[in-house]
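Here's a quick walk through one model, taking in some charged pairs, a helix pairing and a bit of surface. Have the structure open as you read.

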Amino acid sequence: VLCHVEMSTRHRNQLPTNLPQLQNLIKRDPSLYKEEFLQQYHHYQANLELFQLKPSHESKVLQSLVTFISQVAHCYQDELSGFPNEIHELLKTHAPVLDAELRMTLCRALILLQHKNMFPIISLLELFFRLLRVNDKLLRKMLYNHILTDIKRLNVKKANNQVNLAMQNFMYGMLQDSSPVAAKMSLDVLIELYRKNIWSNSKTVQVIATACLSKTTKIMVAALKFFLGTEKKRDGEGSEDSDSSESDNDMPSYKELMLAQKVTKKTKKRQRKLTKSLRALKKHKKKTKAPVNNFSALYLLNDPQSFVEKLFKQLDHSNERFEVRLMMTDLISKLMGIHQLFLFNFYPFLQRYLQPHQKDVTKLLLYFAQSCHSLVPPEVIEPSVRAVVNNFVTERNTSEVMAVGINTIREVCSRCPLVMNEDLLRDLAAYKSSKDKSVMMAARSLIHLFRQTNPSLLHKRDRGRPTEAAPVVLEYGETRPANECIPGAELINLPDEATEEADGECDSIEYDSNSSLPLLGDSESDYGDDHSDHVEVEDDDYDYDHDGDQEDCDDQNENMDGHISDKEVSETGSSDKLAPPVVGKEQVNSSQEDSSSSVQLEKLLAERKQHAALVSQTRFLTQEEFQKIKMKQIKQQIVPQKGKKRKISELTEENVRGDLVTMRDIAFVHKKQKLDKEGRMKSIKAGRPDQEKYKYKKRRHNPHCSTTNKEKAKKKSFVMQQQKKDIRSKRRRSFKEKQVALRNALIKRNKSKRK
């Protein structure tokens, strides 16, 4: 009987007090249970008035009522029109003093109401950003995750510009908040949204850039890491992409799954496994979308010049740790190199730290190199270059220090070639004969750079053989004239009939070393019909295909001018008699031939330019034609020019380095580095298989016999041996006695080796 009574009370309708049961019934039929709901709503209002008298007290009843009403609010929207605003005001005014569990419940209730479109999302997000000031770690973590997911949900299909703009303006003010915790969390939200490519516009970058000037160290460091770590983050994403590609290879395809199901026995369990595998494969394909091209944040700054000036002013007066100041220096140098900014005070500031004993000096050298560019006057950078030479490239330093110094000068000169003078370059080039490999390779890399940029500064023996490419060195402030046509367009044949005439006229055109563009006469002989991309240069005595043709043409021209060929000389049999008149005629007509050749060269050059302009204006070039032009220009740079001296070369577009310098460019030393512990252990384990071959072997006929007293003494500790007569006598020996004993020991050892 007692059990029956308990079961009857358990299943009895307890609607006034059983809120989960009432919530379930209201969702099924809201109009039928409206009176019960209103009763609970009035109960909530009464508890709310009592709670507002003492907001710091705990209230379980109010907590359960808020949860219940937020769950069924969409069923009675007219009656609950003011309910979201009441929760909002309660959190806005009493959030710091509320009970932690009740505060979390109110926040979740507002999230539920916003999902039901009963509360505006902008007001909700602004409230949540203000709640980041509350000293509640669990609440801040929940709010941080919700803000990210909510903004991501709003921008899934297309960007919600209205909400994005309002939130970005609000978060700009949050970064200036008095609470460092709230400001730091707001900055983390911005950075995470940018990295997830949700807010990847210039507005977001500008807001984050203001945090670099913050007086709070944590906020400033987070913003600096964002700008400096953008590329690293992409590298990490690239590794994740590679991991996902590996998982793609591991995951079976749809065809493999269906084939396995086809050839095996059909069971319900295997059918369930197949359905589950197909569902997982479909879900994985949804995740692997095409990668989105994400520009670096360094390129999205609106006014980098003013930003760098403010950041350098803060760096100059900063008392932060050395690591923080190093990050600020890194960001300034990167922006100066990428945007080609002017900050002349930065180089003397950095020059103070360019010492070999300075902590993280390789990073400082890297920052110095990447802050240089061609628009900076050479006299501004020259004192810093001199400081690097005087402090690093000296005989009193180690070879690694000297190599790092030469590498730094090479990277600076690759971006600002006018900073180097002839005397300094020749002094540095003299290290090419150094016995140390690292210094020698660094000096050779510097020589190789100036062979391409300005070989006239090098000694004649270091310039190498001249090539057909003849660029021009630009002075400071001088600009390269604009091209009237596509460089190398004269290699392309026009489809018109006029092209055939132009090709016929240009068959005898030779290379012009004063021009950086290839000529028409070599288009067919150099490349042929197959447009081969392979260019071979064997040695200095390499003979080219067009040389033979050119010699034939020269022979024909000589015959036309009245000169006697070898064939005619052999037929007459009197070459000795005919030689003097030929020489005399060449001497008489040498000046006339020089003037006529120069006029002909100018005429052919004008025709070539006209043909290139015609090609550029009348047609679009294909990818194969651009490849043909590129291979011709590459061959001009590597093929030595016979009978010609190298002329002043210019800094071509291929020689321009990237925007940023890598640490490998500065700190790479051609020397075998010392192994770390892991490398040493690996070497030890690799030599263990041969250990039996080289270890000490006992020279005994019977390996089981006992050892001698001398061998036993070697295994004893020194404490047991120090009181013996032999040991004590060794201690009292003079220097002369030690010399004699050493000599006798060496003589004895040599005799034993001879035997």
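## A buried acid and its partner

Asp150 is buried, with just 1% relative accessible area. This is a predicted model, so take every value here as computed from predicted coordinates. The side chain of Asp150 forms a salt bridge with that of Arg153, at 2.4 Å from N to O. Arg153 is partly exposed, at 43% relative accessibility.

Why are these two about one helical turn apart? Because they sit three residues apart in helix α8, which covers residues 137–154.

## Other salt bridges

In total, the structure holds 13 salt bridges. Another one pairs Glu323 with Lys359, and their closest N and O atoms are 3.0 Å apart. Glu323 belongs to helix α17 and Lys359 to the loop between α18 and α19 (361–370), so this pair ties together parts that are 36 residues apart in sequence. Both ends are partly exposed: Glu323 has a relative accessible area of 34%, and Lys359 comes in at 45%.

There's a network to look at, too: Glu58, Lys60 and Glu101 are joined by salt bridges that share partners. Within it, the side chains of Lys60 and Glu58 meet at 3.3 Å, N to O. Lys60 is partly exposed, with 46% relative accessibility.

## Two helices side by side

Now for a helix pair. Helix α21 (residues 399–415) packs against helix α23 (residues 437–453) at an angle of about 10°, and their axes are 8 Å apart. Angles under 35 degrees count as roughly parallel, and therefore α21 and α23 are roughly parallel to each other.

Which residues meet there? On the α21 side, they include Met402, Ile406, Asn407 and Arg410. From α23, the residues in contact include Val439, Ala442, Leu446 and Phe450.

## A nonpolar patch

Out on the surface, Phe342, Phe344, Leu375 and Tyr476 make a nonpolar patch of about 360 Å². Phe344 is in the loop between α17 (322–339) and α18 (346–351). The residue is partly exposed, at 36% relative accessible area.

## The whole chain

Stepping back, the chain has 36 helices and zero strands. Of its 755 residues, 36% are buried. The accessible surface adds up to about 48,000 Å², and carbon and sulfur atoms account for 51% of that.

How much of the contact count comes from residues 24 or more positions apart? Among contacts with a separation of 6 or more, the share is 71%.

Methods
Residues numbered from 1 in each chain as written. Predicted model: local features only at pLDDT ≥ 70, side-chain atom pairs only at ≥ 80, totals over all residues. Heavy atoms only, no water. Patch = residues over 30% accessible without salt bridge, like charges linked within 9 Å, V, L, I, M, F, W, Y side chains within 5 Å. Areas by Shrake-Rupley, 256 points an atom, 1.4 Å probe, with all protein chains shown as cover. Salt bridge = Lys/Arg side-chain N within 4 Å of Asp/Glu carboxyl O. Helix = DSSP H or I, 4+ residues; strand = E, 2+ residues; numbered from the N terminus. Buried < 20%, exposed > 50% of the residue type's maximum accessible area, 1.4 Å probe, protein only. Axes fitted to C-alpha atoms, helices over the stretch in contact; angles between N-to-C directions. Parallel < 35°, antiparallel > 145°, perpendicular 65-115°, else oblique. Contact = heavy atoms within 4.5 Å.
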